[in-house]
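Good morning, colleagues. Today I should like to take you through one structure, beginning with its charged side chains and ending with a pair of helices.

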Amino acid sequence: MPLHLVTPFDRTDAPEDEQPLFPPVPTWRSRIADGCYIVLRGSLFLGSSYLMALGLPLLFFLLLSGGNPDAFFAHVANLGDRFLAADFTRRVTFVDQCKFVLIGLATLVVVWRMPRFIRDLDRELSGEKL
């Protein structure tokens, strides 16, 4: 009687065209893992989006100064001096307008980046390769 031993290396996998009748049922552990992955990727997405939105005013001032650091800091100093010289109501109005503009910029950046984020997240969670 011959000795017949099949190791994992000797096995042949089923052809790729044969799909199982039923897709595998996700377990609670895989769902929690997917949820944690989504939360981590979402927080990285929001953090990077807000950093981009906060960098846009700096980019504006750099473009306004033509890339010259002296002119850039002169614009920033002028803005700071005028802010400190203003009365309380004008300061509050200016801060409220800055909040409105920055939240609007952050919202535009998030809306602009959202379709790619959702497409990448769907691809990564479905297990597709690049």
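Is Arg116 buried or exposed? Please bear in mind throughout that what you see is a predicted model. In this model Arg116 has a relative accessibility of 56% and therefore counts as exposed, the threshold being over 50%.

Let us now turn to the partner of this arginine. Arg116 is joined to Asp120 by a salt bridge, in which the closest N and O atoms lie 3.6 Å apart. The two residues are four positions apart in helix α3, so about one helical turn separates them. Their surroundings may be set side by side: Arg116 is exposed, whereas Asp120 is buried, its relative accessible area being 17%. The cut-off for buried is under 20%, which is why Asp120 falls into that class.

Asp120 has a further partner in Arg123. In this salt bridge the closest N and O atoms are 3.2 Å apart. Here the spacing is three residues along helix α3, so that Arg123 and Asp120 are again separated by about one helical turn. Arg123, with a relative accessible area of 23%, is partly exposed.

Arg123 in turn forms a salt bridge with Glu124, with 4.0 Å between the closest N and O atoms. Glu124 is partly exposed as well, at 31% relative accessible area. Through shared partners, the salt bridges connect Arg41, Arg116, Asp120, Arg123 and Glu124 into one network. For the structure as a whole, the search finds four salt bridges.

I come now to the packing of helix α3 against helix α2. How do the axes of these two helices cross? Helix α2 covers residues 69-85 and helix α3 covers residues 88-126; their axes come within 8 Å and cross at roughly 135°. That angle lies neither over 145 degrees, the limit for roughly antiparallel, nor within 65 to 115 degrees, the range for roughly perpendicular. The two helices are therefore oblique to each other.

Which residues make this contact? From α2 they are Leu79, Phe83 and Leu84, and from α3 they are Arg91, Phe94 and Val95. Sorted by class, the contact has five nonpolar residues, one charged residue and no polar ones.

To close, helix α3 holds the pair Asp120 and Arg116, and its residues Arg91, Phe94 and Val95 take part in the contact with α2. Thank you for your attention.

Notes. Residues numbered from 1 in each chain as written. Predicted model: local features only at pLDDT ≥ 70, side-chain atom pairs only at ≥ 80, totals over all residues. Heavy atoms only, no water. Axes fitted to C-alpha atoms, helices over the stretch in contact; angles between N-to-C directions. Parallel < 35°, antiparallel > 145°, perpendicular 65-115°, else oblique. Contact = heavy atoms within 4.5 Å. Nonpolar A, V, L, I, M, F, W, Y, C, P; charged D, E, K, R; others polar. Salt bridge = Lys/Arg side-chain N within 4 Å of Asp/Glu carboxyl O. Buried < 20%, exposed > 50% of the residue type's maximum accessible area, 1.4 Å probe, protein only.
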